Amino acid sequence: MINSTQVYELVSSIVLDAEIASVATADAISVATSASVSASQTLSIARAEAWRQLRARSIFPLDVPLFAVDGDPVAALSPAERTVLALSLRLKRSDEEVAEISGIQRKELQGLLKEARRQLARAAIAMTMLTNDTRCPVTSQAQQTLGATLKRSQAMNLVSHAAECSICVPVLRTVDRQIIADYINAAPMSMPTSIDDRIASYSDAERSTLLSRAGLKTGWAPPDTNLNQDPRRLLKRAALLGAISALCIVVGLIVAAR
């Protein structure tokens, strides 16, 4: 039996938008019901439908967003980071399951989870520093000069300052110690009844189209090809190729000189 609550919890944790979450959840449940898949396979379908809805809005799994200073620190994470964090901490899935549901290699999962936890803490610390009264002149100036949204680099600068500031370091320690527990213990999302109505309204033809579009492989949603376009990985590859190219040129010049 499909756990609709977990499907909605995962989708909501990824898209952070009630309307988008309702559409993705309804589509995911419809596909999972038609395909008669397992609980983990259902979550993989939910992940894929959430990413599909974001992709339709030109938001891709590894995109790093700007985030509101007075918003939710989870919004500072990329969709892929939100996915693995929700599966691991909210839905209590094992690393093996998280990797399979997310369509990510297990060797890459630990790095993504570590980065997700790090960025969640940094965002929460920076947001707390910018939205609370402070005696620190540096933080006070940042409150006046930074806008309503932050980049990761700006959050990192604030966290680096807090680590060296006797006034701000208690904020850093408190938030850093509490943020993961707050994320885990946050109240579960309440699934709107409109989702059931939406699912019931699908015709047989629409269900067939959704199932075909899902492109399941033995019941699993396929990996997202955009994960191969990680800009950090591409930058490392370009640097390596550049170094090899430079070495070849040097060797060529030495050989030519002889």
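These legends go with several close-up views of a predicted model.

**View 1. The whole chain, as a place to start.**
Welcome to the predicted model, which has 12 helices and two strands. Read along the sequence, these elements follow the pattern α-α-α-β-α-α-α-α-β-α-α-α-α-α. The protein has 258 residues, and 43% of them count as buried. Its exposed surface comes to about 13,900 Å², with carbon and sulfur atoms supplying 55% of that area. Among contacts between residues at least 6 apart in sequence, 72% join residues at least 24 apart.

**View 2. The largest nonpolar core and leucine 10.**
In soluble globular proteins, nonpolar side chains tend to be buried together. Here, the largest nonpolar core has 75 residues. Which of them touch the most other members? They are Leu10, Val11, Val15, Leu85 and Leu120. Helix 6, residues 106-131, gives this core its largest share, with 13 residues. Take Leu10 as a spot to linger on: not counting residues up to four places away in sequence, Leu10 touches Leu43, Ala46, Arg47, Thr83, Ala86, Leu87 and Leu91.

**View 3. Two loop residues with positive phi, leucine 16 and serine 36.**
Look for leucine 16 in the loop between helix 1 (4-15) and helix 2 (18-35). Phi of leucine 16 is near 55 degrees, a positive value in a residue other than glycine. Is leucine 16 buried or partly exposed? Leucine 16 counts as partly exposed, because its relative accessibility is 35%. Now follow helix 2 to the loop that leads to helix 3 (39-55), where serine 36 lies. Serine 36 also has a positive phi, near 50 degrees, and is a residue other than glycine. With a relative accessible area of 65%, serine 36 is exposed.

**View 4. Cysteine sulfurs without a disulfide.**
A disulfide is a covalent bond between the sulfur atoms of two cysteines. How many disulfides does a search of the whole structure find? The search finds zero. Cysteine 165 is in no disulfide, and the nearest cysteine sulfur, that of cysteine 168, is 3.7 Å away. Why is cysteine 168 not bonded to cysteine 136, which holds the closest cysteine sulfur? The two sulfurs are 3.7 Å apart, which is too far for a bond, because a disulfide needs the sulfur atoms within 2.5 Å. Cysteine 165 counts as buried at 11% relative accessibility, and cysteine 168 is buried too, with a relative accessible area of 3%.

**View 5. Threonine 139, a buried residue in helix 7.**
Threonine 139 is found in helix 7, which covers residues 137-145. At 2% relative accessibility, threonine 139 counts as buried. Which residues does threonine 139 touch, not counting those up to four places away in sequence? They are Met129, Thr134, His161 and Cys168. The last of these appears in the previous view too, where Cys168 is listed as buried.

**View 6. Arginine 52, a buried arginine in helix 3.**
Arginine 52 is found in helix 3. At 18% relative accessibility, arginine 52 counts as buried, because the cut-off for that word is under 20%. Leaving aside neighbours within four places in sequence, arginine 52 is in contact with Arg213 and Ala214. For another landmark, try alanine 24: it and arginine 52 are 28 residues apart along the chain, with their C-alpha atoms separated by 8.2 Å.

**View 7. Proline 222 in a loop between two helices.**
Proline 222 has its place in the loop between helix 11 (204-214) and helix 12 (231-257). At 28% relative accessibility, proline 222 counts as partly exposed. Not counting residues up to four places away in sequence, proline 222 touches Arg47, Ala214 and Gly215. Two of these names have come up already: Arg47 is touched by Leu10, and Ala214 is in contact with arginine 52. The C-alpha atoms of proline 222 and glycine 103 are separated by 6.7 Å, although the two residues are 119 residues apart along the chain.

**View 8. The second largest pocket and its lining.**
Rolling a probe the size of a water molecule over the atoms shows where empty space is left. The second largest pocket has a volume of about 290 Å³. It is lined by 17 residues, and those closest to its centre are Asp72, Val74, Asp182, Tyr183 and Ala186. Which elements give two or more residues to the lining of this pocket? Those elements are helix 1 and helix 9 (169-185). Helix 9 supplies the largest share of the lining, six residues.

Technical notes
Residues numbered from 1 in each chain as written. Predicted model: local features only at pLDDT ≥ 70, side-chain atom pairs only at ≥ 80, totals over all residues. Heavy atoms only, no water. Core = buried A, V, L, I, M, F, W, Y, C linked by side-chain atoms within 4.5 Å. Buried < 20%, exposed > 50% of the residue type's maximum accessible area, 1.4 Å probe, protein only. Helix = DSSP H or I, 4+ residues; strand = E, 2+ residues; numbered from the N terminus. Contact = heavy atoms within 4.5 Å. Areas by Shrake-Rupley, 256 points an atom, 1.4 Å probe, with all protein chains shown as cover. 1 Å grid on protein atoms, 1.4 Å probe; cavity = no way out; pocket = protein on both sides within 12 Å on 5 of 7 lines; lining within 4 Å. Points joined across faces, edges and corners; volume = space filled by probe spheres on them.
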